[in-house]
Structure formats: structure tokens, C-alpha cells
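This report sets out what can be read from the model shown below. Individual residues are treated first, followed by a pocket and the chain as a whole.

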Amino acid sequence: QQRVVLAAAPRSTGRVERPDGTPHTNALVALVPAAVGRRAVSPLTLAAGPEQAAAVVATDAVGAFQLPWPDDASYDLIATAPGFAPRVVPFVRAATHAGTDLRLVLRLGARIDGDVVRADGTAVPQLRVQAFAPPPARPDPAGAQQRPFGPHAPWRGGELLREAVADASGKFVLEAVPPGPVWVVCDPLGTGQRIEVGDGEE
């Protein structure tokens, strides 16, 4: 008779907190496939439907979670909750992070509201408005920094953070945008404006 001992699957444990240090109940914590240059599944998509994540759990009454690792591939570890910007720990692996106790502190997301108008000031309804993180600069062989896709659309290659559709009067609202520099882009017009947002700003 042969005895087979099954090893426990590797997992990471931790706690998700609000900015004031209090626990956040029912926050989502997920392992999302990482892609070079851009995440395969963005926090935006995760918030809409976590089924694309490799693993996802919700925090308990004290903000704690236990997240199993499906394999030793490289993932982004993402914590999300309504009203807060996603907390992203990029390119983690079971070999380096399984068994670790993580403390993930969420930041208040910013609210961006505005109007989509033509040159004559009239409203443009039902257009998609997107918020992108600035793409990483691409060094040239001489060491100088270049825009990744040229000056005409400097947001290309950046991560899609949030999106909304303008209403009948051209007004739009982007909720829970991560703090920092953001490109707000109107599609399909291809026009954009770079702004700087802080925690919880409106």
C-alpha cells in the first residue's frame, strides 16, 4: 500500500485597508495575467467582471484574504473596491510571493466630470470618454526618451483606467480614477487632454 501525501496549494494571505488603516470588507483581490508593456486584463475589466482573472477572492469582515496561486506564472496582483483606485502589485510569482502576508492600502479614486463639445460649443452626445495612464517612455539607442507612438496620440500604449459614455447633453463622469497623471480621451474624435488628479479629487 502506497501512501500519497498531497501538498497544500501555495497561497498568499493579507489584508486590504482603506487610507485611514481600517479594514475594507468585500474588496476583490485577484491574480490577473501580466503582459509585457500592458496588462492583459485591466483593473477596469476586473471591476466589470472578475471571471477573466486567474484567481479572485473577496476580503472578509476584517479585510483579510487568502489567495490561492494556480501556477508559477507571472501575474499582476490587484485589489479593487467601489470608490477606490485599484491597488496593483505588478509582476508577482508564487515562488517569491506565496506564503507572504500582504498589506494592500487602497487610495481614494478621483472623480473627473466634463462636457464633450464641438468647436462652436454645441454638445456632442453619446461619445465614449476614456481615461488612460501615460505610456512608459521608450529610450532610443542614444539614451534619449521618446514618445512611444508619436505626438499625435501620446496616450497610446497607456493602460485604460476608466471609461464612460457622454449623455444626451454631452456630459460625462469618470469615477474612481487612480491618482496621478491621466490622459482623458474622447473616442472616436481622437482628442485628448492630460491632467493631474489627486486622491479623492473632483
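## Pro10 and Ser12

In this predicted model, Pro10 counts as partly exposed, with a relative accessibility of 38%. The residue belongs to the segment that precedes β1. Beyond its neighbours within four places in sequence, Pro10 makes contact with Leu67, Pro68, Trp69 and Ala98. A link across a long stretch of sequence is found here too: Pro10 and Ala95 are 85 residues apart along the chain, yet their C-alpha atoms are separated by 8.9 Å.

Ser12 is placed in strand β1. Its relative accessibility is 0%, so Ser12 counts as buried, the cut-off being under 20%. With residues up to four places away in sequence left out, Ser12 touches Phe65, Gln66, Leu67, Trp69, His97, Ala98, Gly99, Thr100 and Leu102. Of these partners, Leu102 lies 90 residues from Ser12 in sequence, and the C-alpha atoms of the two are 7.5 Å apart. Leu67, Trp69 and Ala98 appear among the contacts of Pro10 and also among those of Ser12.

## Thr22 and Arg162

Thr22 is located in the loop that runs between β1 (11-17) and β2 (28-33). With 33% relative accessibility, this residue is partly exposed. Once residues up to four places away in sequence are set aside, Thr22 touches Arg15, Val16 and Glu17. Computed along the sequence, Thr22 and Gly63 are 41 residues apart, while the C-alpha to C-alpha distance between them is 8.3 Å.

Arg162 is part of strand β14, which covers residues 160-165. Is Arg162 buried or exposed? Its relative accessibility is 12%, and Arg162 therefore counts as buried, given that the limit is under 20%. Pro178 is 16 residues from Arg162 in sequence, with 9.1 Å between the two C-alpha atoms.

## Two residues with positive phi

Gln126 is not a glycine, but its phi is positive, at about 60°. The residue is found in the loop between β10 and β11 (128-132). Gln126 has a relative accessible area of 54% and is exposed, because the cut-off for that class is over 50%.

Ala176 is likewise not a glycine and has a positive phi, of about 55°. Its setting is strand β15, residues 171-177. With a relative accessible area of 10%, Ala176 is buried. The two residues are thus placed as follows: Gln126 is exposed and in a loop, whereas Ala176 is buried and in a strand.

## The second largest pocket

Rolling a probe the size of a water molecule over the atoms shows where empty space is left. The second largest pocket holds about 260 Å³ of space. Its lining is made up of 16 residues, and those closest to the centre are Asp115, Phe172, Val184, Cys186 and Gln193.

Which strands each supply at least two residues of this lining? They are β10 (110-115), β16 (180-187) and β17 (191-197). By residue class, the lining of the second largest pocket consists of 10 nonpolar, four polar and two charged residues.

## The chain as a whole

The chain contains two helices and 17 strands. Of its 202 residues, 39% count as buried. Among contacts with a separation of 6 or more, 65% join residues 24 or more positions apart. The chain exposes about 11200 Å², of which carbon and sulfur atoms supply 53%.

## Confidence in the model

The average pLDDT of the chain is 82, and 79% of the residues score at least 70. Among the elements of the chain, strand β4 (residues 64-68) has the highest mean pLDDT, 94. The lowest mean, 46, belongs to strand β13 (residues 145-146).

Over residues 145-150, pLDDT stays under 50. For this stretch the model has 13 contacts beyond four places in sequence.

Notes
Residues numbered from 1 in each chain as written. Predicted model: local features only at pLDDT ≥ 70, side-chain atom pairs only at ≥ 80, totals over all residues. Heavy atoms only, no water. 1 Å grid on protein atoms, 1.4 Å probe; cavity = no way out; pocket = protein on both sides within 12 Å on 5 of 7 lines; lining within 4 Å. Points joined across faces, edges and corners; volume = space filled by probe spheres on them. Helix = DSSP H or I, 4+ residues; strand = E, 2+ residues; numbered from the N terminus. Nonpolar A, V, L, I, M, F, W, Y, C, P; charged D, E, K, R; others polar. pLDDT = per-residue confidence, 0-100. Contact = heavy atoms within 4.5 Å. Buried < 20%, exposed > 50% of the residue type's maximum accessible area, 1.4 Å probe, protein only. Areas by Shrake-Rupley, 256 points an atom, 1.4 Å probe, with all protein chains shown as cover.
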